[in-house]
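I opened this notebook to keep track of what I looked up, one entry per query. The contact between the two chains comes before the fold.

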Amino acid sequence: MATGESDLIRRAQSGDTEAFGALVTRHERFVYNLALRVIGDAQEAEDLAQEAFVRAWLALANFRGQAQFRTWLFRIVTNLCYNRLPGLRRELSAFGDDCLMEAPDDAPANADPAASLEASEQQANLHREIDGLPESYRLLIVLRYQQELSYEEIASVVNLPLGTVKTGLFRAKERLRLALRNYEETTIWTS
Amino acid sequence: MDKLTGKDQAEFAVIEAALRTYPLKSPSAGFADAVMTRIETLPGRPRFRLSWLDAAGSLLLSGLGGSLILLWQMIPPQEMARLRMTFLLAWQRLQPVRLELALAAGGVAVAMMLLILGILLVQARYRLEANG
């Protein structure tokens, strides 16, 4: 837990709204971003993120500190997303855990400066492809790559088995790989 | 588990880089203030309060129940046997009018239920009027 955060949480639990305000400021970007990437609409995401903080305030007495506060907040956001998108949980559960090949998490980045422009175009294209993925994949991607949660933490946030999380992320990467190949083929044909 | 080829690794490297640079967006400037306004306007949690009348009433009822149980336990066995006999005789005497009694009891129960329903409706209407 970040320095001073446990103190802020303790004060907020005793009813100190100023301390809770500091917690909101500290986590608003991550909470909003998770909601935005799953819901896809800025206004709705802001409403959902606000609702998540209100629920966190109401349930703060139940926070015992076994998990990180941030992970606890993400669980609230995810549950609100499940309510907002009834098919999301079913989609996630349908991944199963039949991951056949482990995609490397820490693959080396392309260090060739000559290819940097092409790489940035490729990245921009992949970012668009991520935006076009189904909500279930986006949820896992945001939790893994933007919030930098471990697989175990993601499993706890989405309340699904670890294998399902790994399979979901693997399939998301496979979809992106397919999109990348299509993109490369298109650029070869047009150049 | 299949092994990754050099091409696979290169592709995954590009994907990993894209995933790690997926932009993080910020909420609008007044986001935290809006959250705090919502929190400050939340209705306060109802506090548990026990009025002296509730306390006295529940004490009286529990005392009454306790006394009845105690009295029942204190009845001597001969007296208990006599009571049982009296009850059986009274039951036998009621045999011919059992249906009428059952109907009367049912009627009283329905009347009581209607009365309770009426009270609840009047209370609900009173509350609605009080809340404007």
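Entry 1, a pair across the interface. I started with Arg177(A) and Glu11(B), whose side chains form a salt bridge with an N to O distance of 3.2 Å. I keep in mind that this is a predicted model, and that side-chain atom pairs enter only at pLDDT 80 or more.

Entry 2, which elements of chain A take part. I listed the elements that give two or more residues to the side of chain A touching chain B, and found α2, α3 (42–58), α6 (116–131), α7 (135–146) and α9 (162–190). Of these I singled out α2(A), since I wanted the largest share, and that helix supplies it with twelve residues. Sorting that side of chain A by class, I noted 23 nonpolar residues, nine polar ones and 15 charged ones.

Entry 3, totals for the interface. How many residues of each chain are in contact with the other? I read off 47 residues on chain A and 35 on chain B. I then looked up the area that chain A and chain B bury between them, which is about 4,100 Å², with 65% of it on carbon and sulfur atoms. For the polar side of the account I recorded four salt bridges between the two chains, and I also noted 19 residue pairs in polar contact across the interface, both residues of a pair being at pLDDT 80 or more.

Entry 4, chain A as a whole. I went through the secondary structure and wrote down nine helices and zero strands, so that the pattern along the sequence reads α-α-α-α-α-α-α-α-α. Chain A has 191 residues, and I find 48% of them counted as buried. The area that chain A exposes is about 9,300 Å², of which carbon and sulfur atoms supply 50%. Among contacts in chain A with a separation of 6 or more, I noted that 70% are between residues 24 or more positions apart.

Entry 5, one residue of α2. I picked Val31(A), which lies in helix α2 (residues 17–39) of chain A. Is Val31(A) buried or exposed? Its relative accessible area is 1%, and because that is under 20% I enter Val31(A) as buried. Setting aside neighbours within four places in sequence, I listed its contacts as Ala49(A), Ala52(A), Phe53(A), Leu73(A), Phe74(A) and Val77(A). I also checked Val31(A) against Thr78(A), which is 47 residues away along the chain, and read a C-alpha separation of 9.8 Å.

Notes:
Residues are numbered from 1 along each chain as its sequence is written. Chains are lettered from A and ligands numbered from 1 in the order in which they are written. Side-chain values use heavy atoms; hydrogens and water are left out. Buried means under 20% relative accessible area, exposed over 50%, partly exposed in between (1.4 Å probe, protein chains only). Contact means heavy atoms within 4.5 Å. Accessible areas come from the Shrake-Rupley method with a 1.4 Å probe; for residues, only the protein chains shown count as cover. Buried area is the accessible area (1.4 Å probe) that two parts lose on being put together, summed over both. A polar contact is a pair of N or O atoms within 3.5 Å; within protein, one must be able to donate a hydrogen and the other to accept it, and residues adjacent in sequence count only if both atoms are side-chain atoms. Ala, Val, Leu, Ile, Met, Phe, Trp, Tyr, Cys and Pro count as nonpolar, Asp, Glu, Lys and Arg as charged, and the others, Gly among them, as polar.
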